[in-house]
Amino acid sequence: MKSRTIKVDYLARVEGEGSLLIKTKGPKVSEVKLRIFEPPRFFEAFLRGRHFSEAPDITARICGICPVAYQMSACHAMEDAFGVKIPAPIRALRRLLYCGEWIESHALHIYLLHAPDFLGYEDAIRMAKDHPQEVQRGLRLKKIGNALVTLLGGREIHPINVRVGGFYKLPEKAAFAPLIEDLKWGRDAALATVRWAATLQFPTFERDYEYVALRHEGEYPFNEGRLISSAGLNIAVREFEQHFAEEHVAHSNALHSARKEGDAYLVGPLARYNLNFDRLSPLAQQAAREAGLGPTCRNPFQSITVRAVEMLYAFDEALRILDGYEKPDRPFVPVVPKSSSGCGCTEAPRGILYHRYRLDDRGTIFDAKIVPPTSQNQKMIERDLREYVTANLGMQKDRLQWRCEQVVRNYDPCISCATHFLSVQIDGE
């Protein structure tokens, strides 16, 4: 068997800039590199010297697709630092805002970024010529998610209505009324999406991952819970850095994260689903079973169906929250800064997003740490690539390259998020 090189200079249908290099030597894979060459943006350094109240708006700029996740993790970390307790109505509205982000992000990925892989198209524009109904459905679903974020967050990209302690202002109940019918249509369309995704042809490829996700005592995880794993980890968010560590690798401008007690792990929809299936709504559980998933799924190519199940849950949850919505007396609770540190972790569409801040008695940030989901998944993406290529060395090269790109897109990587930080060491200084 001859040696081969698979090289993708620019990965398509992912957010950010990255490339792929795989080398085989005889019957073995000798090298796998997911090269993330997008320049680092040093957001952790930007936060130093800024007031705690600025963190939600600054960190939201890390990502245009999942800014809510950054805002929520920042808010949770600051509230943890200052001992702030959020009342139930405001907490529910945070979940509602998260529903909007999951809907728009999952719809974008399923229909415009990932589906072309399964149907044999270079992009969604070419796919739309033969599958106009599906693409139009995906665009309408995304629009509804954006509308929900706009109404509660102030605008659809980088929301401006989120603050530590709650929101700056809250809509009247009547303002949500025009969205109700759209959300009901969206719930039906999301159910149709689950059924449609289940008809796609999935490569036979199952992996024994260590899944890591939040788990809440009574909810499918968005904002709160303990960090658990399929290997038995069960810790408070504050213990994150005792069990997870980041390292810099030469071929990536994004740090790689791994378990201190083990190795690579997986975050995101597959992890949430496998660790929290029992927390999905009855409708979402039934749809998953009818799609052939059951309570566990170990095939990363089927993550497109799992995302559809999560999108269905987000519509179901949004309607549940709005059904009982009454505008709170105050949109936020007061926050009094003190010298302390705080940690927060929420579930971005792509997986757990950890923030940690140290602050002085005036509430000024003097140290910040942010661990995005894509940097946590990088090692596992490379593992998937190595395992898939090893099992398919006899595949025709063009087809194998297509599949390798699809392996990366299974994770819906957000490269721009992952390149927020780079440790630089200058010899001789």
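**Glu31 and its surroundings**

I began with Glu31, and I found this residue in strand E3, which covers residues 28–36. I kept in mind throughout that the model is a predicted one. Leaving aside the neighbours within four places in sequence, I listed the contacts of Glu31 as Leu21, Ile22, Lys23 and Arg386. I then looked up Glu382, which is 351 residues away from Glu31 along the chain, and I read a separation of 9.6 Å between the two C-alpha atoms.

**From Ile22 into the core**

Ile22 came up among the contacts of Glu31, and I turned to this residue next. With neighbours within four places in sequence set aside, Ile22 is in contact with Arg4, Thr5, Ile6, Val29, Glu31, Val32, Leu385, Val389 and Cys404. I also noted that Ile22 is one of the residues with the most contacts inside the largest nonpolar core, a group that further includes Met78, Leu96, Tyr273, Tyr357 and Leu385. This core has 128 residues, and helix H4, residues 88–119, gives the most to it, with 16 residues. Apart from this core I found another one, of 15 residues, including Val212, Phe244, Val267 and Cys345.

**Helix H4 against H3**

How do the axes of H3 and H4 cross? I wrote down that helix H3, residues 67–82, and H4 have axes that come within 9 Å and cross at roughly 155°. Angles over 145 degrees count as roughly antiparallel, and therefore H3 is roughly antiparallel to H4. The crossing of these two helices is left-handed. On the H3 side the meeting residues are Pro67, Val68, Ala69, Met72, Cys75, His76 and Glu79, and on the H4 side they are Arg94, Leu97, Tyr98 and Glu101. Sorted by class, the contact of H3 with H4 holds seven nonpolar, one polar and three charged residues.

**Arg94**

Arg94 belongs to helix H4, and I asked myself whether this residue is buried or exposed. Its relative accessibility is 2%, and since buried means under 20%, Arg94 counts as buried. Leaving out neighbours within four places in sequence, I found Arg94 in contact with Met72, Cys75, His76 and Glu79, and also with Ile86, Arg163, Gly165, Gly166, Phe167 and Asn223.

**Helix H4 against H7**

I next looked up helix H7, residues 173–198, which packs with H4 at an angle of about 35°, the axes being 12 Å apart. This crossing, of H4 and H7, is left-handed. Leu96, Ile110, Tyr111, Ala115 and Leu119 in H4 meet Phe176, Thr193 and Trp196 in H7. By class I recorded seven nonpolar residues, one polar residue and no charged residues in the contact of H4 with H7.

**Two loop residues**

I looked at His158, which sits in the loop between helix H6 (132–153) and strand E4 (162–163). Most residues other than glycine have a negative phi. His158, although it is not a glycine, has a positive phi of about 50°. With a relative accessible area of 17%, His158 is buried.

My last entry concerns Glu17, in the loop between strand E1 (4–8) and strand E2 (18–25). I noted a relative accessible area of 39%, and so Glu17 is partly exposed. From Glu17 to Ala92 there are 75 residues in sequence, and the two are 36 Å apart in space, C-alpha to C-alpha.

How values were computed: Residues are numbered from 1 along each chain as its sequence is written. This is a predicted model: local features need pLDDT of at least 70, side-chain atom pairs count only at pLDDT 80 or more; totals for chains, interfaces and linings use all residues. Side-chain values use heavy atoms; hydrogens and water are left out. A nonpolar core is a set of buried Ala, Val, Leu, Ile, Met, Phe, Trp, Tyr and Cys residues joined through side-chain atoms within 4.5 Å. Buried means under 20% relative accessible area, exposed over 50%, partly exposed in between (1.4 Å probe, protein chains only). Helices (H or I, at least four residues) and strands (E, at least two) are DSSP runs, numbered from the N terminus. Contact means heavy atoms within 4.5 Å. Axes are lines fitted to C-alpha atoms, for helices over the stretch in contact, and angles run from 0 to 180 degrees between N-to-C directions. Angles under 35 degrees count as roughly parallel, over 145 as roughly antiparallel, 65 to 115 as roughly perpendicular and the rest as oblique. A crossing is left-handed if the near helix is turned anticlockwise from the far one by less than a right angle, and right-handed if clockwise. Ala, Val, Leu, Ile, Met, Phe, Trp, Tyr, Cys and Pro count as nonpolar, Asp, Glu, Lys and Arg as charged, and the others, Gly among them, as polar.
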